[in-house]
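Q: Hey, got a minute to go through this one with me? I'd like to talk about side-chain contacts and cysteines.

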Amino acid sequence: MTLGDLSGNALNLGTAFDEISEKSATRYFEQYPEGNWEACVHRRLLYNCMTMVGFTNYSEEWWHYDFNNVSWARRIGAHEASYGAVKAVIQDNKVKEFRFL
């Protein structure tokens, strides 16, 4: 998940989507706001909007949000999740069959 402007251009969130570095942590610019204040503000906006409607954030990746899956349930202490792991058979880039694990 990321933020964009009205023209569809990605806003500055401090790192590339899927970048693996310490700067990718959701709260990195909360701790080092002088590093990129604009990214800090954009991350706050994304985080607050997503969590206000029930998503949870994986704290090591500012773009990673979950809802009603196992990770979400673990973070909020829910006893069950609606979505879980599946085993899928992919053929010609399409899901041919799947089963819940």
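A: Sure, here's a quick run through the salt bridges, the cysteines and one serine, keeping in mind that this is a predicted model.

Q: How many salt bridges does a search of the whole structure find?
A: That search turns up two.

Q: OK, which residue does Arg44 pair with?
A: Arg44 bridges to Glu30, and their closest N and O atoms are 2.8 Å apart. Arg44 sits in helix α2 (residues 37–52) and Glu30 in helix α1, so the pair ties together parts 14 residues apart in sequence.

Q: And is Glu30 buried or exposed?
A: In between: Glu30 is partly exposed at 28% relative accessible area. Arg44 is partly exposed too, at 34%.

Q: What about Asp66, which side chain does that one meet?
A: Asp66 meets Arg75 in a salt bridge, 2.8 Å from N to O. Asp66 is buried, with a relative accessible area of 7%, while Arg75 counts as partly exposed at 35%.

Q: Switching topic: how many disulfides does the structure hold?
A: Zero. Cys40 is in none, and the nearest cysteine sulfur, on Cys49, is 15 Å away. A disulfide needs the two sulfurs within 2.5 Å.

Q: Is Cys40 buried or exposed?
A: Buried, with a relative accessible area of 1%. Cys49, on the other hand, is partly exposed at 44%.

Q: Last one: where does Ser21 lie?
A: Ser21 is in the segment before α1 (28–31).

Q: And what does its side chain contact?
A: The Ser21 side chain makes a polar contact of 3.0 Å with that of Glu19. Ser21 is partly exposed, at 30% relative accessible area.

Technical notes. Residues are numbered from 1 along each chain as its sequence is written. This is a predicted model: local features need pLDDT of at least 70, side-chain atom pairs count only at pLDDT 80 or more; totals for chains, interfaces and linings use all residues. Side-chain values use heavy atoms; hydrogens and water are left out. Helices (H or I, at least four residues) and strands (E, at least two) are DSSP runs, numbered from the N terminus. Buried means under 20% relative accessible area, exposed over 50%, partly exposed in between (1.4 Å probe, protein chains only). A polar contact is a pair of N or O atoms within 3.5 Å; within protein, one must be able to donate a hydrogen and the other to accept it, and residues adjacent in sequence count only if both atoms are side-chain atoms. A salt bridge is a side-chain nitrogen of Lys or Arg within 4 Å of a carboxyl oxygen of Asp or Glu.
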